[in-house]
Amino acid sequence: MNRTTDPIRRALQGAILGLALLLGGCASVYRVDNQVQSFARWDGARAPAAPQTYRFDRLPSQREGQAAASQDELESLTRAALARVGWNLADPAGTSAPWTVQVSGGALKLPRAPWEEPWDGFGGGWGLYGGSGGVWGSTLFMRVDLPYYERQVSLVVRQSATGQVVYETSARHDGRWNSSPELWSAMLDAALKDFPNPPAGARQVDVDVPR
């Protein structure tokens with residue numbers, strides 16, 4: 001066996017193991033940290049007490065093709081999140097309700113985190129390890145770019161009779177987690193934190209999601 005390659009092999013194995021632990025983790029949950037901002041305008045009156053009923057409202061761009069299919073999935077998750085705060089979808093579909101809810105979500109996939117450079121981290125290219133008396137070894141530390149996602153979800157509640165907006169809330173999460181129904185559900189729960197009487201200003205809402 002070539003002893004020169006042993007340090008390289010051990011270094012690469014260590015880097016791969018560290019990356020696996022970072023992404024996989026040993027915990028039974030992962031944290032979705034959200035930046036949330038909410039606005040309530042209940043027309044000068046107190047917020048309605050649960051339970052309440054509503055129906056979904058869609059923009060024209062949410063009603064056709066793949067966008068409609070994606071909206072179906074998002075509204076299904078939103079229905080569950082709203083049920084957890086005492087708001088239930090009017091049943092059967094088309095039944096009148098005092099409120100309408102419009103939900104939208106989006107994601108931007110970046111090749112790497114905004115603060116990272118293509119060859120930043122892990123030494124950046126060829127790394128030479130030197131000691132007193134000269135170079136005693138070398139190894140290649142290649143950084144594998146990991147995708148980074150910027151996601152946002154928003155909900156708008158209106159009075160059905162007037163179309164007046166009475167509640168608006170949004171949650172933003174940036175990170176490396178892959179898209180999943182559980183992640184979007186966590187973002188919706190964060191957006192609905194303290195509903196229907198939210199505190200003023202932006203706030204951070206962390207939600208732990210079981211693996």
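## Getting to know this model

Let's start at Leu-59, which sits in the loop between β2 and α2. (Helices are DSSP runs of H or I with at least four residues, strands are runs of E with at least two, and both are numbered from the N terminus.) Leu-59 is partly exposed because its relative accessible area is 35%; buried would mean under 20%, exposed over 50%, and partly exposed is what falls in between, using a 1.4 Å probe and protein chains only. Leu-59 also has a partner from elsewhere in the chain: Gln-102 is 43 residues away in sequence, yet the two C-alpha atoms are 8.1 Å apart in space.

A quick word on how to read all this. This is a predicted model, in which local features need pLDDT of at least 70 and side-chain atom pairs count only at pLDDT 80 or more, while totals for chains, interfaces and linings use all residues. Residues are numbered from 1 along each chain as its sequence is written, and side-chain values use heavy atoms, with hydrogens and water left out.

**The overall layout**

The protein chain holds three helices and nine strands. Walk along the sequence and you meet them in the pattern α-β-β-α-β-β-β-β-β-β-α-β. Of the 211 residues in the protein chain, 33% are buried.

**The sheet**

How are the strands of the sheet ordered? Seven of them form an open sheet that goes β3-β2-β4-β7-β8-β1-β9, with mixed pairing. (Two strands pair if DSSP finds at least two bridges between them.) At the edges you'll find β3 (87-89) and β9 (203-210), each pairing on one side only. From one strand to the next, the twist averages 30 degrees; axes for this are lines fitted to C-alpha atoms, and angles run from 0 to 180 degrees between N-to-C directions. As background, strands of a sheet pair through backbone hydrogen bonds, either parallel or antiparallel.

Here are three of the pairings, going across the sheet:

| Strand pair | Direction | Bridges |
|---|---|---|
| β2 (residues 52-56) and β4 (residues 99-110) | parallel | three bridges |
| β4 and β7 (residues 148-159) | antiparallel | 12 bridges |
| β7 and β8 (residues 165-175) | antiparallel | 10 bridges |

You can pick out single partners too. Tyr-54 has Trp-99 in β4 as its bridge partner. Further on, Ala-107 stands opposite Arg-151 in β7, and Gln-152 is bridged to Arg-172 in β8.

**A pocket to look into**

The second largest pocket has a volume of about 300 Å³. (On a 1 Å grid over the protein atoms alone, a pocket is an open set of points with protein on both sides within 12 Å along at least five of seven lines, where a 1.4 Å probe fits; lining residues have an atom within 4 Å of a point. Grid points are joined across faces, edges and corners, and the volume is the space filled by probe spheres set on the points.)

Which helix gives the largest share of the lining of the second largest pocket? That is α2, with six residues. Both α2 (65-83) and α3 (181-191) supply at least two lining residues each. The lining includes Gln-62, Leu-74, Gly-105, Ser-180 and Trp-184. By class, the lining has five nonpolar, six polar and one charged residues. (Ala, Val, Leu, Ile, Met, Phe, Trp, Tyr, Cys and Pro count as nonpolar, Asp, Glu, Lys and Arg as charged, and the others, Gly among them, as polar.)

**Odd spots in the loops**

Two prolines are worth finding. Ala-50 and Pro-51 are joined by a cis peptide bond with omega of about 5 degrees, and Pro-51 lies in the loop between β1 (29-40) and β2. Another cis peptide bond, with omega of about 5 degrees, joins Asp-91 and Pro-92; Pro-92 is in the loop between β3 and β4.

Next, Glu-116 belongs to the loop between β4 and β5 (125-131). Is Glu-116 buried or exposed? Glu-116 counts as buried because its relative accessibility is 17%. The Glu-116 side chain makes a polar contact (a pair of N or O atoms within 3.5 Å, one able to donate a hydrogen and the other to accept it) with the side chain of Arg-176, at 2.5 Å.

Finally, Asp-194 is in the loop between α3 and β9. Asp-194 isn't a glycine, yet it has a positive phi of about 70 degrees. With a relative accessible area of 36%, Asp-194 is partly exposed. Ser-38 in strand β1 is 156 residues from Asp-194 in sequence but 9.2 Å from it in space, C-alpha to C-alpha. Ser-38 itself is buried, at 4% relative accessible area.
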